Amino acid sequence: MKAAVFHSKNEPLKIEEVPVPEYKADEVLVKVAGCGLCRTDLHYLKGLPTFKKPPIILGHEISGTIAETGDNVSTFEKGDPVLIPPVFACAECFFCRTGRGTICTNQVMVGNHRDGGFAEYIAVPGSDIFKLPPEVPLVEGSIISDAISTPYHAVVNRAQIKPGDSAVVYGCGGVGLNTVQMATVAGANVIAVDIAPEKLELAKKLGAVETLNANDQEDVAKAVRKLSSGGVDVAFEVIGNPETIQNAYESTRWGGTLIVVGYTHKDITINAGRMMFREIEVKGSLGCGLQDYPKIINMVKYGKIKVKELVTHKFTLDQINDGFELLGKNEPTLIRAVAMIE
Ligand code: NAD
């Protein structure tokens, strides 16, 4: 089969012929239809180590159709459209057994611990994937896997947004815009912050009540506090930049919460006195538990959460490096790019 293989940092992916993966009795073989290009993949391309040493097939935001089923799999049939979550939890560790599967200590992420979805086929456990209803477009539906599910966990489980809450989302990219639409659906009045006017325009269409271009602000946190009468209940950082994490922290009201979704390996500086006196909470948010996927898929099925509008660019496997180049250049018209696997 054809696959885009990562060999070495700062080098383009190589399009190669590799064997079709073998599937075990509890697994299914999925013919990949779509696989999203995430900034996390870009982090790997630039040197963040993957757990499986290269060569590795990246790609963790996958949809497709069932090609074969293992002997022990009875829930799927050939041709079923399916969504593959990016992370499989072990269901046995302390965190899985206490309902915190997103921080499972034995978790396996496709396109990181093992080969992923920038390929024609992938073998995955039949117990960890979800059928997609016909109302969900198959290729664009791939972004539910991460770009939509990560915001669900951040908004619903970590922030526990309630109707009427005020929120700010720093970074309106593939994950951030979905944080805007998810927090809006959950009932929050959302301020969207970015540096690209095109993204702020889309944030408005997805429900943001106010937008701020950070480049136009001397003190963006102050501008957020002014718009929200003293600060927001919840600030989401969805970029992965120490400076914007600090800005997000300083955007919260007394008793507010900062949710860090963006990834950075760097340290952050936040004022401890502000945290203590104002009882500000700081929380990380990682991925999304499997138990939430059926609800998220239904939100897309019934049109509460949009996917087609978010997929602005599509690339074939042969063109995948062009997609990563655009993502790396922060092309402002690119919200989520998806590799279409023929
Ligand atoms: P993206 O590149 O699509 O979006 C980033 C956005 O931030 C862009 O719209 C960009 O214009 C904006 N931006 C950049 N600098 C800014 C600044 N100074 N002020 C305001 N806006 C600014 O990236 P993405 O795919 O949406 O991923 C966002 C982050 O989330 C990444 O760090 C990624 O690794 C991380 N991520 C985390 C999880 C998780 O489970 N926590 C899951 C997926 C992705």
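In which sense do β5 and strand β6 (residues 81-84) pair, and over how many bridges? The pairing of β5 and β6 is antiparallel and extends over 4 bridges, where strands are DSSP runs of E with at least two residues, helices are runs of H or I with at least four residues, both numbered from the N terminus, and two strands pair if DSSP finds at least two bridges between them. The model is a predicted one, in which local features need pLDDT of at least 70 and side-chain atom pairs count only at pLDDT 80 or more, whereas totals for chains, interfaces and linings use all residues. Residues are numbered from 1 along each chain as its sequence is written, and side-chain values use heavy atoms, with hydrogens and water left out.

Within the pairing of β5 and β6, T65 stands opposite P81 of β6. Strand β5 (residues 62-69) is also joined to strand β3 (residues 27-37), through 7 bridges in an antiparallel arrangement. For C35, the bridge partner in β5 is I62.

A further set of strands forms an open sheet of 3 strands in the order β2-β1-β4, with antiparallel pairing. The edges are occupied by β2 (14-17) and β4 (56-57), each of which has a single partner strand, so one side of each is left without a neighbour in the sheet. Strand β1 (residues 2-6) runs antiparallel to β2 and is joined to β2 by 4 bridges. V5 has K14 of β2 as its bridge partner. In a regular strand, side chains alternate between the two faces of the sheet.

The protein chain is assigned domain 1 (2-146 + 288-340) and domain 2 (151-284), with bounds taken from an automatic or database domain assignment. The C-alpha centres of domain 1 and domain 2 are 27 Å apart. Contact between the domains involves 22 residues of domain 1 and 19 residues of domain 2, contact being defined as heavy atoms within 4.5 Å.

Both domains take part in the surroundings of the ligand: domain 1 and domain 2 each supply at least three residues to the shell. There are 24 residues around the ligand, of which R39, V175, D194, S285 and G287 come nearest; a residue is counted as near if one of its heavy atoms lies within 4 Å of the molecule. Helix α1 (residues 39-45) provides the largest share of this shell, 3 residues. By residue class, the shell comprises 9 nonpolar, 10 polar and 5 charged residues, with Ala, Val, Leu, Ile, Met, Phe, Trp, Tyr, Cys and Pro taken as nonpolar, Asp, Glu, Lys and Arg as charged, and the others, Gly among them, as polar.

Individual atom pairs link the ligand to D194, S285 and G287. An oxygen atom of the ligand lies 2.6 Å from a polar side-chain atom of D194. Polar backbone atoms are found 2.8 Å from a ligand nitrogen atom in the case of S285, and 2.7 Å from a ligand oxygen atom in the case of G287. Of the 870 Å² of accessible area that the ligand has on its own, the protein covers 89%, with areas computed by the Shrake-Rupley method and a 1.4 Å probe.

Several backbone features occur in loops. The peptide bond from P54 to P55 is cis, with omega near 5°, and P55 belongs to the loop between α1 and β4. Q160, a residue other than glycine, has a positive phi near 50° and is located in the loop between α4 (149-158) and β11 (166-170). E279 likewise is not a glycine and has a positive phi of about 50°; its loop lies between α9 (272-278) and β16 (281-284).

Notes:
A polar contact is a pair of N or O atoms within 3.5 Å; within protein, one must be able to donate a hydrogen and the other to accept it, and residues adjacent in sequence count only if both atoms are side-chain atoms.
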